[in-house]
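Reader: Hi! Could you walk me through a structure?
Author: Happy to, here it is.

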Amino acid sequence: MTSTLENDALFAQRLAVRLSADPTCGAIAVGSVVAAFHRLIQARGLDEVMIDVADYSHVPDGPGIVLVCHGANYSLTLRGQRPGLLYQRKRPNEGDFAARLDRAVRATVRAARALQDDPELRGKLRFVETEIEVGANDRLLAPCTAETLTELRPALTTVAERLWPGGVELDFQADARAAFRVRLKRGARPITEIPCKP
Amino acid sequence: MAATWKERLNDQIDEPLGREIDVFEAQIELRWQGKLEERLFSESRLRRGVYGQRYDNGLRHDGQRTQRLGFPERPTKGANTVWDAPGMQRIKIPLGRLTAEQMDVIADVAEEYSDGIAHVTTRQDLQLHYVHIDDTPDLMRRLAAVGVTTREACGNVVRNVTACPLSGVCQDEVFDVTPYAHACAYFMLGHPDAQDFGRKFKIAFSGCRHGSCALARIHDLGAIATERDGQRGFEVHLGGGLGAVPQQAKLLDEFVPEAEMLPLVQAIGRVFARLGEKKNRQRARLKFLVSSLGIGELARLVREERKVLRDDRRWTDYLENLQALDDDPRSAFPQDERTWPTSDQTDQSDPTDRSDPYRDRQGAAGDPAAREPAAEGFDAWRASNVVRQRQPGYVTATVRLPLGDIAAGPLRALAEIARDLTGDTVRTTAEQNIVLRWVPEADLPELHRRLSRAGLAAPAASTIVDVTSCPGTQTCKLGISSSRGVALAIGERLEAKPLPDAVRPLRVKVSGCFNACGQHHVADIGLLGVSRSVEGRRVPHFQIVLGGDAKDNVASFGLATAAVPSKNVPAAIERLTDLFAKERHEGESFAAFVQRAGKNAVRHRLEDLLRVPSYEQEPSYYSDWGDPREYTITDMGEGECAGELVTATKFGLAAAEVAAYEAQTLFERGELGLAAGRAHEAMLLAAQALLRADSSEVSEVPEEIVREFRTRLLDTGVFQDPHVGDKFAQYLLRPNGAGSESFAREKAQERLEETMLFIEAAHACYHRISAQKAREQ
Ligand code: HEM
Ligand code: SF4
């Protein structure tokens, strides 16, 4: 069976969300983050099947420190060009694209808060609260092209409006090799203040 | 319905490969429906490189308690293996040879299905971790579309065929083994004669006899390039292997003509399938068949088998175009607009001079970027990471990957660099790095700049700080201590200060347990993960294994010298290397130094580092590198009665270690029979110690100790290790034959290895006994 390419991006499941961290987090010790993730597992602090912590902080331009969960991976990069918290969905989720993306954004924000509340990280870890990057790790259904953006734009807009009612900027660059990513920006309201309960 | 990779890649995947993946996908489906037996499914997935990973039984100790991971209820994918638990995908990379296109796809699948990291293994493979089994068919299809298979990456089959990463460009090779190794890999892949082995079968090709790149003699089959009367052929060794008891391969044939190589491998496969042990996994490697039949008899059987093989064109077809796989850019781009350097354009220096491969010449490729001044760190990088090729004007540069890891972004950058500056292919290495071959010398500054930008220009490749490590406790189910953690800690400690010249070229290799996946036996300094009980708590340790020598395709295996708490290992290594730098004789190798100094003396120098401070004094010893969880499996109470018995057992175990140690000293003095005898006594002491754990009446008579051990510890299942079973008990039970004058050196060494393993097993058993007691109280 051949499929119409048109709406395929809306089927993408491996969604990604990224919050940039404030560059001052470069001063945080790797061990503190590793320990914070382990504490999260002990406390069952996220609504995930949390499995383990993988420390890749030795790898240049790598994922940093990864909290491996069944449904998604959360990875925190402290140093390098793009410090931040990356959420990457691995298992399929229910609902339409906008609903799934919304859930992914909320999960990311919840993890960001949980980390900020960790006794060792409190006051040290800050996220840039005026922008968020979203996308999909699926080069089949959602290649990083203008067509994908067109297909996803309505859903992206819905999610963005919920974050920052009153308009968002959207920043996108097509790239034949990269996974689809788009940056949503808005000045007014801190991301970590958006309501988390679905 | 959304598009699928299957339909998208349909016409890009070779028919048989595509079908196999479809079959595997169907097997997944059948297993889901409960129509495929667990064991069958498990071996099927292993043969496709789909491996288990730590915690896949659905349980994990979080540092405070064992948590059941709340995976959905599903069928299992193997014994005690939860369907949804993430696993490891091994990708077979014959000869470690990768094209730029393949690297791009591997980067993509690493990013989409795994944790964004591609990991280079000690046998030139790649691994992805934390992969969900449901994603594996698509992952395989995407790889298959660029000619990469995961087939037979695990399982009881011919594993990845490895070869020197410099084959074809090495100054020392007799000839380029690339086409032979490649033909062998694809001839044996899925070959009907190689589907019924009792255990895995590993093959390596080496371009020379004296080198240390291919480690031919630790393989089930090691082929070393050689020439006779102008004819090419191979010196073939059989039955090598690492694992719990390492074994050097035996010479099967001094000269196998090139055209006879593939039929020989096939014949060996048939003999191994027919006569190799099938029931007892622990004795199923070819090395055991070599031991039981003797190499002479095995050679005879193989010759007989060869005679009855039906002719196969594939045996020799590839010989007609030995250049087919050349990555020599001079032949690949004859009409390229770039002007590749020719020998008269470039360096006319002696090609055997490896001292300073880069001269301050302008870019021969005519690229203005090549004329930019070299980036920071260029000289140091060039000195350690670059070697001259056999072909004048070209060099090979090593990309040093920390712990063998490379992230998706840099991997794509590397693919781009390989396209632009080399003949498009790279090779992975057994030291878990990647080499870029065929770099025009004049492009080195440009190469270094681009590698720097991608974070890939770490200097000190193949030096003591470039530590090799198996996955260990990070992802391996069998890991005992954190091999990766300690490997990083060692590198950091040694890199913090300038190293003496004698120390720099030493190699450190780490395995997280006795299975030896990190190849610790063949390093100057090997480390083997073990654990010890201290005051009722577990403490991660590493056995320091000294005296290994990878030269001559593995000249000797190292022996355990002392068990050091993990947290003291970097300090211990620094101490050992300082000692070596200060006290070595001119030109003396590390192995020779250890031999001369004597293990006793070496161990003595480490004495203060062997002690574990109490938990109250220094709790950090009770957790492992990079893992803040407390390293313990039970919280033990200290009953007085148990305390006393504990002391007696511990005392006995320590005595056993001393005896094992003395056995090693005897071994080094060449008193082989005595060494084996003392080793056996050490096992008896350990068994006796264990028996003391629940009785103070323990015999001193060897036969009685063995009998008691059998009835009270073995038959009752007490000695049974949850992971290893009672494998090591057999070392004590069988007739030891020691004390005789004619004890062969290798046999004696084997006995020493076994003794060490038995004592380790006794420690583990004792820990279980104490934990049990604590629970009962
Ligand atoms: C009974 C279990 C195992 C045994 C006896 C075993 C033994 C070995 C040995 C001897 C080597 C090879 C070194 C060489 O020949 O060059 C090896 C390679 C390796 N092992 Fe294991 N191993 C076992 C299980 C595992 C597990 C569970 C993992 C991790 C998931 C693992 C990971 C590796 C890796 C990454 C390599 C390099 C391999 C390659 O690319 O083929 N091993 N193993
Ligand atoms: S040596 Fe042990 S810990 Fe390391 S990978 Fe092999 S089986 Fe696992």
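Author: We can chat about a metal site and some aromatic pairs. This is a predicted model, where local features need pLDDT of at least 70, side-chain atom pairs count only at pLDDT 80 or more, and totals for chains, interfaces and linings use all residues. Residues are numbered from 1 along each chain as its sequence is written, chains are lettered from A and ligands numbered from 1 in the order in which they are written, and side-chain values use heavy atoms, with hydrogens and water left out.

Reader: Cool! Which protein donor does the iron atom of ligand 1 have?
Author: The only one is B:Cys517, through SG at 2.2 Å. Donors are N, O and S atoms within 2.8 Å of the metal (3.2 Å for Na, K and Ca); water is not among the atoms, so sites may look incomplete.

Reader: And where does B:Cys517 lie?
Author: In the chain B loop between β21 (508–511) and β22 (525–534). Strands (E, at least two residues) and helices (H or I, at least four) are DSSP runs, numbered from the N terminus.

Reader: New topic: how many aromatic pairs are there over all chains?
Author: A search of the whole structure gives 24. Rings of Phe, Tyr and Trp (its six-membered ring) pair if their centres lie within 6.5 Å; planes under 30 degrees apart are stacked, over 60 edge-to-face, and the rest tilted. One of the pairs is B:Phe378 with B:Trp381, tilted, 6.0 Å centre to centre with 40° between the planes.

Reader: Is B:Trp381 buried or exposed?
Author: Buried, with a relative accessible area of 0%. Buried means under 20%, exposed over 50%, partly exposed in between (1.4 Å probe, protein chains only). B:Phe378 is buried too, at 4%.
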